[in-house]
Amino acid sequence: MVGYDPDSPGVVLSPEEAALAGSAAGMVTRALISPLDVIKIRFQLQIEQVSWRSRQGKYWGLWQATRCIMTEEGLPAFWKGHTPAQLLSVCYGAVQFASFEALTELVHKKTSYKSQTPGVHFICGGLAACSATVACQPLDTLRTRFAAQGEPKMYRNLRHAVATMFRTEGPFTFYRGLTPTLVAVFPYAGMQFFFYNILKKLLEPQDTKSKGGLHSLISGSCAGVISKTITYPFDLIKKRLQVGGFEEARMKFGQVQTYHGFADCVVRIGREEGPRGFFKGLSPSLLKAALSTGFTFFWYEFFINAIVSLKSS
């Protein structure tokens, strides 16, 4: 069961145990969904319309982008930025789930609300994700830069990227896009936990003890798709802002824009690309959200059950 459950006193987790399970779940999930993440980022950063009909930009659709990246950059390109992405996933999963377990326990013990209600999961899930976002934003920016660069590479490795960005753009460049990220991540993560809570209860009988498995995978996948669709424009804006100062490495992919903050980015995308511009890359993003959220909850419950079994034995 995700979150503090007073009806299962033997399954109460310490923050360290929740962090361990969350980081392990993030690590396994990231390795599986990295190719979709790379394609999604390429779509989000393309100024030209992503469409089979117009074919103005470098990428027109999911399969065409896959073939193009494979032909020009090879199979390893789908795991570009995998080192910072893995660090991001491990760090994010640890902070998010440890915070979520602690917050739901706090709410149950200090207020009149029950910890396993969807509303509590929405608030605690959103706050936990905001904590994880602030802690991990520099890694997210690095992951985006690595996934966005083509050939020849602008950054040779993680150390070179950190040193170059710090020297040429200053320390605050690692927090580019933080405002739209926080605006989006609270409702996005909150809805993930909210819908996961509801769907899991619908799929499992009232008197059945949660054991994860297929129900976790289905519930998590559906929760991920619903949440991502609603909050997707903020994710796209964040990616556009994160590659500011990175224009040279983006030239070969088509038009390049420089935005002066969150409001300027919103106005210019709306004016130059239209409403559909805010949903570029939605198809691979939804596929990624379904797999990512489903696998995250699946593996989290899997590792939680493994930890509980080891403790009881």
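## Model and repeats

Helices here are DSSP runs of H or I that span at least four residues, and they are numbered from the N terminus. The model is predicted.

An unreviewed UniProt entry lists "repeat: Solcar" at residues 13-106, 120-202 and 211-306. In the model, the span 13-106 is 72% helix and 0% strand. The C-alpha atoms at the two ends of this span lie 13 Å apart.

## Largest cavity

The structure holds three cavities of 30 Å³ or more. The largest cavity has about 770 Å³ of space. Its lining is made up of 37 residues, and R30, Y92, Y188, K288 and S292 are the closest to the cavity centre. Two or more lining residues come from each of α1, α3, α4, α6, α7 (214-242) and α10.

By class, 15 residues of this lining are polar, 13 are nonpolar and nine are charged. Domain 1 (95-141 + 148-174) and domain 2 (176-279) each supply at least three residues to the lining of the largest cavity.

## Second largest pocket

The second largest pocket contains about 350 Å³ of space. It is lined by 21 residues; V50, R276, F279, K280 and G281 are those nearest its centre. The elements that give two or more residues to this lining are α9 (262-273) and α10 (282-312). Of the elements, α10 contributes the most to the pocket lining, with three residues.

Sorted by class, the pocket lining has nine nonpolar, seven polar and five charged residues.

## Nonpolar core

The largest nonpolar core has 22 residues, and V2 and Y300 have the most contacts inside it. At least two core residues come from each of α1 (15-45), α3 (82-110), α4 (118-148), α6 (178-203) and α10. The core lies between domain 1 (95-141 + 148-174) and domain 2 (176-279), because both domains give residues to it.

## Shared elements

Helix α10 recurs across these features. It gives two or more residues to the lining of the largest cavity, three to the lining of the second largest pocket, and at least two to the largest nonpolar core. Helices α1, α3, α4 and α6 are also among the elements that line the largest cavity, and each supplies at least two residues of the core. The two domains likewise appear in both places: each gives at least three residues to the cavity lining, and both give residues to the core.

Definitions and conventions: Residues numbered from 1 in each chain as written. Predicted model: local features only at pLDDT ≥ 70, side-chain atom pairs only at ≥ 80, totals over all residues. Heavy atoms only, no water. UniProt positions renumbered as here; feature names shortened; annotations may be inferred. 1 Å grid on protein atoms, 1.4 Å probe; cavity = no way out; pocket = protein on both sides within 12 Å on 5 of 7 lines; lining within 4 Å. Points joined across faces, edges and corners; volume = space filled by probe spheres on them. Nonpolar A, V, L, I, M, F, W, Y, C, P; charged D, E, K, R; others polar. Core = buried A, V, L, I, M, F, W, Y, C linked by side-chain atoms within 4.5 Å. Buried < 20%, exposed > 50% of the residue type's maximum accessible area, 1.4 Å probe, protein only. Domains from an automatic or database assignment.
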